[in-house]
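Me: I should like to go through the interfaces and the ligand site of the following structure. Please reason through each answer before giving the value or name.

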Amino acid sequence: MAKDWRRGSPGADIRLLQRTLNPKANPMGKTLFDKIWDSHVITDLGNGFVLLHIDRLLLHDMSGGKALKEAIEKGYPPAQPRLTYGTPDHTMSTQPGRTEKTHPPGEPLILSMRETTRAYGIKLFDLGQDGQGIVHVMGPEQGLTLPGTTLVCGDSHTSTHGGMGSLAFGIGSSELVHVIATQTMVQRKPKRLRASFEGKLMPGVTAKDMILHLIGELGTAAGTGYSVEYAGSAVRALPIEARLTLCNLTIEMGARTGMVAPDDTTYEYLNGRDYAPKGAMWDRAVAHWRALPTDPDAEFDREHTVDMKNVAPQITWGTSPEHVIAVDRAIPDPSTGPEEKRGAWEAALKYQGLEPGKPIEGTKVDWVFIGSCTNSRISDLRAAASIVKGRHKADHVTAWVVPGSVRIKQEAEAEGLDRVFLDAGFEWREPGCSMCLASNGERVPPGKRSVSTSNRNFVGRQGPGARTHLASPAMAAAAAIKGAIADVRKI
Amino acid sequence: MDKFTKVTGVATPLMRQNVDTDLIIRIERLVDNVTRDGLGPYCFEQIRFKPDGSEDPDCIFNQQPYRDAPIILSRENFGCGSSREGAVWALKGMGVRAVIAPYFGDIFNNNCFQNGLLPVALPIHEIEQLADEMKASPGNARVTIDLENCQVVSPTGRTIPFQIDARRQHAMLNGLDDIAQTMSHKDVITAWQSQDKTARPWVWL
Ligand code: SF4
């Protein structure tokens, strides 16, 4: 029975389930997004607003403790503490041997989160404990993020969890208090956009390159007001960790939520994880999840297809994720770019200290950061280590590896990846957000150039004056070895 | 959240334009860990107190009968500037239940409705007349704000109608902030959840 769920096509019971999920028996098929959304509507509030049930609430140290306190002060204790999970990631140091005291400004936030979660019986994967990690790494790793569920967190990169087939989105601080108090949200339904990636991944290309390429094609505002579904043969072929990376950057094209339909890859990944259903319950859940993927005749408000032949390893050159090119291209010239973007391009090049028309490859790099909720999972660390192994970082480069969670760190150490990085002159650190946001004091110094596996290259994101280039873990590792932006395919 | 149905009391004419939220409460007071209920003493501190910390007798909030008055009369754009919700908490802490002005800062206006403080928009000539009537008989003059009937009754008995969004009026009359409004669907939520526990038991840990 244990392997029953692996069977291929849905049977009669699934079609029955599909009809249950779609009781109005609309002749038109439904999208994955609509199926999850519609099945979570508690009541219609009028004017296009609905009250949506939230299945999972994840908290982190930046806003978790504060929001819990505020809800409690308003007289609303957490409505569903058992659907709520927390972990500190944003505000503590990632220095080896760190505690909450290592970065003192973060300490009160971590203490307040500890105190409030304990008071209401909310499970906290605390500092120094098994399970602690970046909140968007922790959810899927623990099996808390399930297909077909709604999941929210006070962080815009919550879309990451969509890689598991979950409808996940980031929320603001007042919305967070609302969810704590009611386990619901007042929401208006977004439109649907399907981004299909067709074909095979070319050498050196990863999910990070796919999503950066897409943002480069569509721009950072294309997804505003949409929910995104990633589809196509290339997406189907991606392992779960890569799907999480893909969905992570959804917010960088303006959409709050991005998802990949669950399939056998999802169930393989999930089966046996701590909080995933077990035994007969598992079989029931999988039968339910098999009815979730978008029906063949479902319609989207917008469709976009990417031919994987055109996707090469990417690197950002400017101060927005849409400022992105293939690594073998020249730095764009604002005078030949679209007129409405000229000013922004010029300002970005000035901030980044780059000359238009020159190849981006070979640009000298001072820092390399491998980590963040985008690219800190075990497959990311393996990809970076495969480039680093037997080599040494360039002398002038400071290179950090910050694993996404305690478990990833342990797994990597068991495989000897820490040795690979340490022998190559990299630092091997404790799990957390670290240099992605620099809210824990870990910064790229002013004027220094960094190649980072994170998701934002905004002005000052990695520290005041820091110059960030986003890329995949292998590309970042290559930059550390060469001491300059490098094409991973040539290593 | 406190309900608001009807308030009768002294109205303080603070007849300036652009009373910003910085003037209402300084940001340091919100960082200094003063609790939400403890902000009253710091409300309008920059005009209520002299630099040496003593009360400024020239400030209308320090004069009778305006001390502890539940209503403020003001000119255009009351509550403009920073989005700090602490401005509303501070006013409430000082005993203010309603502010009458020609129009309000947008965010301040929203924040009021999350906290049971009523912003009433009236034409400036009406507000000036209310202020005059207040000053004419400082001991006895009272203003009434009747939310149910959407009208203000002046000290001389004139009734002045005002407008308010029906959803917000309902929320204020019943003491419902956003969360409270959702809570009014509590039975539906609970029913949905118990049905879901049968349909998708694996979600419920
Ligand atoms: S790693 Fe960066 S993007 Fe991800 S949750 Fe932390 S700060 Fe946010």
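Reply: Buried area is the accessible area, taken with a 1.4 Å probe, that two parts lose on being put together, summed over both. The model is a predicted one.

Me: How much area do chain A and chain B bury between them, and what share of it is on carbon and sulfur atoms?
Reply: The contact brings together 36 residues of chain A and 20 residues of chain B. On the side of chain A, I42(A), K74(A) and Y76(A) lose the most area to chain B, together 20% of what that side buries. Between them the two chains bury about 2,400 Å², and the share on carbon and sulfur atoms is 64%.

Me: Which residues form the salt bridge between chain A and chain B?
Reply: The count between these chains is 1 salt bridge, alongside 9 residue pairs in polar contact. A salt bridge requires a side-chain nitrogen of Lys or Arg within 4 Å of a carboxyl oxygen of Asp or Glu. With its closest N and O atoms 3.0 Å apart, the pair is R200(B) and D55(A).

Me: Which element gives the largest share of the side of chain A that touches chain B?
Reply: By class, this side has 17 nonpolar, 12 polar and 7 charged residues. The elements of chain A that give two or more residues to it include β1 (41–46), β2 (49–53), α3 (64–73) and α11 (279–289). The largest share is 5 residues, and it comes from α11(A).

Me: Why does the ligand lie between two domains, and which are they?
Reply: Chain A is divided into domain 1 (1–29), domain 2 (31–312) and domain 3 (313–490). The shell around the ligand includes H90(A), H136(A), D155(A), H157(A), C433(A) and R461(A), and by class it divides into 4 nonpolar, 5 polar and 2 charged residues. Because both domains give residues to this shell, the ligand lies between domain 2 and domain 3 of chain A.

Me: How much area do domain 2 and domain 3 of chain A bury between them?
Reply: The centres of the two domains, taken over C-alpha atoms, are separated by 24 Å. Their contact takes 46 residues from domain 2 and 47 residues from domain 3. Of the area buried between the domains, 54% is on carbon and sulfur atoms, and the value is about 3,600 Å².

Me: What is the N to O distance in the salt bridge of D130(A) and R407(A)?
Reply: Across the interface of domain 2 and domain 3 of chain A there are 3 salt bridges, and 30 residue pairs are in polar contact. The side chains of D130(A) and R407(A) meet in a salt bridge, with an N to O distance of 2.8 Å.

Me: Which element gives the most to the side of domain 2 of chain A that touches domain 3 of chain A?
Reply: At least two residues of this side come from each of α5 (135–142), α7 (207–218) and α9 (240–248) of chain A. The element that gives the most supplies 6 residues, and it is α7(A).

Me: Which residues does the cis peptide bond in chain B join?
Reply: Most peptide bonds are trans. Here omega is about 5°, a cis bond that involves P65(B), and P65(B) lies in the loop between α3 (45–48) and β3 (71–74) of chain B. The residues joined are Q64(B) and P65(B).

Me: What is the phi of N18(B)?
Reply: Most residues other than glycine have a negative phi. N18(B) is in the loop between β2 (11–14) and α1 (21–24) of chain B. Although N18(B) is not a glycine, its phi is positive, at about 50°.

Technical notes:
Residues numbered from 1 in each chain as written. Chains lettered and ligands numbered in written order. Predicted model: local features only at pLDDT ≥ 70, side-chain atom pairs only at ≥ 80, totals over all residues. Heavy atoms only, no water. Contact = heavy atoms within 4.5 Å. Polar contact = N/O pair within 3.5 Å; in protein donor to acceptor, adjacent residues only side chain to side chain. Helix = DSSP H or I, 4+ residues; strand = E, 2+ residues; numbered from the N terminus. Nonpolar A, V, L, I, M, F, W, Y, C, P; charged D, E, K, R; others polar. Near = heavy atom within 4 Å. Domains from an automatic or database assignment.
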